[in-house]
Amino acid sequence: MNNYIRLVAFVLLSTFLFATNLSMAATPIDTTIAPMLTQVLPSVVNIKAQIKVTDINILREMLKQRGKNRIPTGETPDIIGSAGSGVIIDAKNGYIVTNAHVIDGAQSVVVHLGDGHHYTAKIIGIDKPSDVALIQIKAINLTAIKIGDSNSVKVGDFVAAIGNPFGLNQTVTSGIVSALGRTTLGIENYENFIQTDASINPGNSGGALINMKGELIGINTAILAPDRGSIGIGFAIPSNMAKSVMLQLIEYGNVKRGVLGIAAQDITPELAEAFGLGSTKGAAITQILPNSPAHLAGLQVGDIITSVNNSEIKTASDVVNTIGFLRVDSRININVLRQKKAITVTVSLSDPKKRQELLEDKNPFLNGVGLKDYDSLSPIHGDIKGVLVTVVDRESNAWNSGLRSGDIITSANQQPVSHVDELNTAAQKNNKFLLVNILRGQGAAFLVISKEP
């Protein structure tokens, strides 16, 4: 009886598996993204620019990036070709987004469509800090890509990169999202890259990184590669970041960033414990510049920034990237933890140029100079009381007048100074120049710091 039951069970199982296999064989598995690409490919273009180069070192670097190890013999060329990719984001107005480094310094820009047509483009705006640029062509029947939400992208999502690597028009490669929020790579001023293993090579810059819906989620920008070829580590600017820049370029032709006036750092496990925090999310304010928007709004050193305009802040880089794409005079709400108490502070971002002008007007002689009180016994100079120069901005009047880091200022306008306040007071009493006596190494000298370089 038991054997009979086993036989019946075996027959039933075999019949089920056979029927399942037939069903699977009858149902074709969709293993292609070709239909989706048919809709997307016309929106990705090839960009060729003629760039004027006056710096020989820049020329060498550009030639190196293009696989040439030497400058052609004869006269040094001052015009070099740049090739990259772009994405049509507005078919009606002919707007195309690309990387700033593709067209920066271009004398002319030509856009080649996938159907073979080509058009001379107008540069609408370039934002070097984010490496985003916008150009425009006058053409009909263009196809624009749909812009997706890069904040919804997850590690492991399948993606495709479209561009013109090595001049091979509309090449498609695929892969996954390898990582998110890549920062501190030293590629751009503002970094929040999507990392992908979809093959990206020279010529892909400015091209599209799309999801499986055919939506733009990134602008392909850079690779880590020892020999110019892809090794599976590519980076794309998130579409939300690129869109923020594009909107400003369309409306204003530039990106005028507001300044908050703080320095911040990540929360390590040790800092989280010391501050009494429950997690390492957030950014600790370590410095607040005098008379900055942060100072005027009441932010304090030690505040833990948790969100900006309801966008969660996980690291100090999040603060940089969030504030860095807000325009001058924007009013923002910053949520902070101050001694474990939640506080919301409203801040109006200022124009960095206006703040710099105010600082220069207030102290034209010592603006851009870091100072601290100094009191020491020197075997050469004896008992020294003065002001130590800790840093000098290379574009400041003080630098142009010869002041350097490590100098010790002992007098200003022939009056002894032993404190920073005394030096600043002396600097404000003379509108024409500031005469300082300095100790430098084993010697001493007088310097005249002027208002003008």
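Here are legends for four close-up views of this predicted model.

**View 1. A negative patch sits on the surface.**
Five residues make up this patch: Asp373, Asp375, Asp383, Asp421 and Glu422. Two elements, strand β21 (369-378) and helix α11 (420-428), each give at least two residues to the patch. Take Asp375 as an example: you'll find this residue in strand β21. Is Asp375 buried or exposed? Asp375 is exposed, because its relative accessible area is 54% and the cut-off for exposed is over 50%.

**View 2. Asp127 and Arg257 pair up in a salt bridge.**
Searching the whole structure turns up six salt bridges, and here's one of them, with the closest N and O atoms of Asp127 and Arg257 2.6 Å apart. Asp127 belongs to strand β6 (residues 122-127), while Arg257 is in the loop between α5 (239-252) and β15 (262-266), so this pair ties together parts of the chain that are 130 residues apart in sequence. Now check how covered each partner is. Asp127 is buried, with a relative accessible area of 4%. Arg257 is buried too, at 11%.

**View 3. Lys146 meets Glu215 in a salt bridge.**
In this view, the side chains of Lys146 and Glu215 come together with an N to O distance of 3.6 Å. Lys146 is part of strand β8 (residues 146-147) and Glu215 is part of strand β13 (residues 215-223), so to speak a link between distant parts of the chain, 69 residues apart. Which way does each partner fall, buried or exposed? Lys146 is exposed, with a relative accessible area of 55%. Glu215, on the other hand, is buried at 16%, because anything under 20% gets that label.

**View 4. Asp407 and Arg440 share a salt bridge.**
Here the side chains of Asp407 and Arg440 meet, with 2.7 Å from N to O. Look for Asp407 in the loop between α10 (397-400) and β23 (408-412), and for Arg440 in strand β25 (residues 433-440). The two residues are 33 apart in sequence, and their pairing links distant parts of the chain. How does the cover on each partner work out? Asp407 is buried, with a relative accessible area of 1%. Arg440 is partly exposed, because its value of 39% falls between the cut-offs of under 20% for buried and over 50% for exposed.

Conventions: Residues numbered from 1 in each chain as written. Predicted model: local features only at pLDDT ≥ 70, side-chain atom pairs only at ≥ 80, totals over all residues. Heavy atoms only, no water. Patch = residues over 30% accessible without salt bridge, like charges linked within 9 Å, V, L, I, M, F, W, Y side chains within 5 Å. Areas by Shrake-Rupley, 256 points an atom, 1.4 Å probe, with all protein chains shown as cover. Salt bridge = Lys/Arg side-chain N within 4 Å of Asp/Glu carboxyl O. Lys, Arg positive; Asp, Glu negative; His and termini not counted. Charge placed at Lys NZ, Arg CZ, Asp CG, Glu CD. Helix = DSSP H or I, 4+ residues; strand = E, 2+ residues; numbered from the N terminus. Buried < 20%, exposed > 50% of the residue type's maximum accessible area, 1.4 Å probe, protein only.
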